[in-house]
Amino acid sequence: MKKENKLYSIEELANLANYARYIIIETLINSGLGHPGGSLSSIDVMTALYFDIMNIDSSNPDSDERDRFILSKGHSSLGLYTVLHLKGFISKDELKTFRKDGSNLWGHIDLKTPGIEMSTGSLGHGLSIGVGRALAAKIDKKDYKVFIMMGDGETQEGSVWEAAMSAAHYKLDNLIGIVDRNKIQQCGFTEDILALGSYKEKWESFGWSVKEIDGHNMKDIDQSFKKISFEKSKPSLIISHTVKGKGISFMENNNNWHGGGAIAQYADQALKEVEHYAQYKDLV
Amino acid sequence: MGNSIREAYGKHIAKLGKKNENLILLEGDLADSTQSEHFQKSFPNRYFQIGIAEQNMVGIAAGLALEGKIPVVNSFAAFIAMRACEQVRTDVAYPNLNVKFVASHAGVSAGSAGPTHHTIEDIAIMRSIPNMTVLVPGDMKETEQVIDAALEHNGPVYVRNSAIDVEEIYNEENKFKFGKATLLKDGNDATIITTGTLMNEGVKAVDTLKKDHGINVRLLQMASIKPIDVIALKKAANETGLLITVEEHNIIGGLGSAVSEVISEIGSTKVIRLGINDHFCEIVGSPAYLFNQINLTAKRIIEITLENKK
């Protein structure tokens, strides 16, 4: 579906991300289930990655040189499935089956879906898998990069910090961690549930080269990712400051929209807020 | 002459590293205990010390397997099957990745180290995970053959190793086959089914039963617990009428359960399970002392056979 080799301007990427928001809401309304909050907060970064930063080609999905993206916060499947749809991996008809009986599209992503690089859903697993893939690239002297997107709440899992230590230990400068720092987890604000505290310093002290960005500013996103790897012999971490539920007024900063089970009664209102983004359909 | 299963494994996997360039070993700071250090010496560039972080180690293995490597995860059974259980199940078994786990110090073979280091639950845990294969070798030759079979199989394999020294039971004719029992002694009066190092006790029991009691007992070593050898089990049930399972594991969920699951579907053959009767070891001791305490001995196997033989 993607026009191969098309180069997108910053403005077009921003519009494409908003078009993705429209698809996310449409798919959520259709399924009645899913996780809109974290999908909407991370969609700008995922759009930039798939349409400008990463080397991913849906017509050659198994290419050895492709960059690897693992969505460790596997519940944000609505976002990733949407980007994969725009990229040509998943058809519109298949997207309509999301979480329906007999579908291939689970609520938490599965390796068997074209374009998905690893099954995830249980939090705190993705970074270790990324360390393994980045280590394999070093062993084989391959140039691909490994991108792991985590939720901020997810990094309450101890296994994330085991992986963080090992990535620095093995000097994996081909590994890029991204934390979608939307400040909210299922039951409330991260700082109330289990405070993440001096977050940038935590990662730096674990040996990572860290940059903080505005995860809804496409220029900031695009320019920052183009600077990776930030330092030789160090893994890179991008803390992407975002708003949970970004783009739907009543979902923004509201942990009740971590999950979207209540969407039926808000469907019209949600659609009204994003349907004008349908005009950007021709970008893909 | 005693000998070490761990050492046999360590030396054998180091040999296999020459033939198989995709073989990578991961270690959780127990290299001299698991004996993965032999591979480290031969192939330092394909050996990664992950530190005391087993969950991370299993995740890294999954990532390596996604890139076509064949990672072998080395640690104690307790830390693979329990500490990192979810990573084993979700990151390796669910996507059916080609990762091998070599779990050392299984059962009570860590002896006086204590119940934190014993693992009497791992067969039950591992065989209930879809896509997982469970292999439990009992001497040096069988260990080498089990490792060969594990690497030939494309998919996750859990190899359960003991830490104790054992006699070599396998002779030139015995050959471990994936999914098959190894017939160590033939007979039609009863069948003893062992797994792991308890085949040593099984052999002693069968020899004594024949010599002192004139009873011909069949001995099947079931190193392949999953998949299990359904054909050999049914044949033994039909031909010998009594099955006695012997395992260094909780009697809930291990070899005895696996055998009972097969036999319960075919008729009325009696299955007696010898194992650890759902308790942690409470008295400190060496593996040999603990085997006596929990009645996993040739003597007990003989008593049970005589009590129950028709």
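# Exercises on a two-chain model

V210(A) of chain A has L237(A) in β7(A) standing opposite. That pair opens the first of five exercises on this structure, which is a predicted model.

## Exercise 1: The sheet of chain A

Find the strand order of the open sheet that holds β6 and β7 of chain A, and work out which helices pack on this sheet.

*Solution.*

Step 1. Begin at the pair V210(A) and L237(A). Strands β6(A) and β7 (residues 236–241) of chain A run parallel and are joined by 6 bridges.

Step 2. Now extend the picture to the whole sheet. Its 5 strands follow the order β1-β2-β3-β7-β6 in chain A, with parallel pairing.

Step 3. Look at the ends of that order. The edge strands β1 (68–71) and β6 (209–214) of chain A each pair on one side only. On average, neighbouring strands here are turned by 20° against each other, direction ignored.

Step 4. Add the helices. Helix α2 (residues 36–53) of chain A packs on the sheet and touches β1, β2 (146–151), β3 (175–181) and β7 of chain A. The direction of α2 makes about 145° with that of β3(A). Helix α5 (residues 126–140) of chain A lies across β1, β2 and β3 of chain A, and runs at about 175° to β2(A).

## Exercise 2: A covered helix

How many residues of helix α3 (residues 77–86) of chain A are buried, and what covers the buried residues of α3(A)?

*Solution.*

Step 1. Count along the helix: 10 of its 10 residues are buried, which makes α3(A) mostly covered. Among them are L78(A), Y81(A), V83(A) and H85(A).

Step 2. Look for the neighbours. The cover over the buried residues of α3(A) includes α1, α2, β1 and α4 (92–95) of chain A. Two of these are familiar from the first exercise: α2 packs on the sheet of chain A, and β1 is an edge strand there.

Step 3. Follow the chain just past the helix. There G88(A) takes a positive phi of about 100°.

## Exercise 3: The sheet of chain B

Why is one side of β9 and of β14 of chain B left without a neighbour in the sheet?

*Solution.*

Step 1. Write down the order. This open sheet has 5 strands, β9-β11-β10-β13-β14 of chain B, and the pairing is mixed.

Step 2. Find the edges. β9 (182–185) and β14 (270–276) of chain B stand there with a single partner strand each, so one side of each has no neighbour in the sheet. The average turn between neighbouring strands is 25°, direction ignored.

Step 3. See the mixed pairing in two places. β9(B) and β11 (residues 217–221) of chain B run antiparallel, joined by 3 bridges, and T182(B) has Q221(B) as its bridge partner in β11(B). By contrast, β13(B) and β14(B) pair in the parallel sense over 6 bridges, with T245(B) standing opposite R273(B).

Step 4. Check the cover of an edge strand. In β14(B), 5 of its 7 residues are buried. Helix α13 (residues 298–308) of chain B lies across β10, β11, β13 and β14 of chain B, at about 160° to β14(B).

## Exercise 4: Two domains and their contact

Which elements of domain 1 of chain B each supply at least two residues of the side that touches domain 2 of chain B?

*Solution.*

Step 1. Set the bounds. The domain assignment gives domain 1 (3–166) and domain 2 (182–308) of chain B. Their C-alpha centres lie 25 Å apart.

Step 2. Look at the contact. It joins 25 residues of domain 1 of chain B to 27 residues of domain 2 of chain B. On the domain 1 side, α7 (122–127), β6 (133–135) and α8 (140–152) of chain B each supply at least two residues.

Step 3. Sort that side by type: 13 residues are nonpolar, 8 polar and 4 charged.

## Exercise 5: Where the chains meet

Which element gives the most to the side of chain B that touches chain A?

*Solution.*

Step 1. Count both sides: chain B brings 20 residues to the contact and chain A brings 17 residues.

Step 2. Find the contributors on chain B. The elements giving two or more residues are α4 (54–66) and α6 (85–93) of chain B. Of the elements, α4(B) gives the most, with 9 residues.

Step 3. Sort the chain B side by type: 10 nonpolar, 6 polar and 4 charged.

Note on methods. Residues are numbered from 1 along each chain as its sequence is written. Chains are lettered from A and ligands numbered from 1 in the order in which they are written. This is a predicted model: local features need pLDDT of at least 70, side-chain atom pairs count only at pLDDT 80 or more; totals for chains, interfaces and linings use all residues. Two residues are in contact if their C-beta atoms, placed from the backbone, lie within 7 Å. Helices (H or I, at least four residues) and strands (E, at least two) are DSSP runs, numbered from the N terminus. Ala, Val, Leu, Ile, Met, Phe, Trp, Tyr, Cys and Pro count as nonpolar, Asp, Glu, Lys and Arg as charged, and the others, Gly among them, as polar. Two strands pair if DSSP finds at least two bridges between them. Axes are lines fitted to C-alpha atoms, for helices over the stretch in contact, and angles run from 0 to 180 degrees between N-to-C directions. Domain bounds come from an automatic or database domain assignment. A residue is buried if 20 or more other C-beta atoms lie within 10 Å of its own, exposed if 12 or fewer, and partly exposed in between; C-beta atoms are placed from the backbone.
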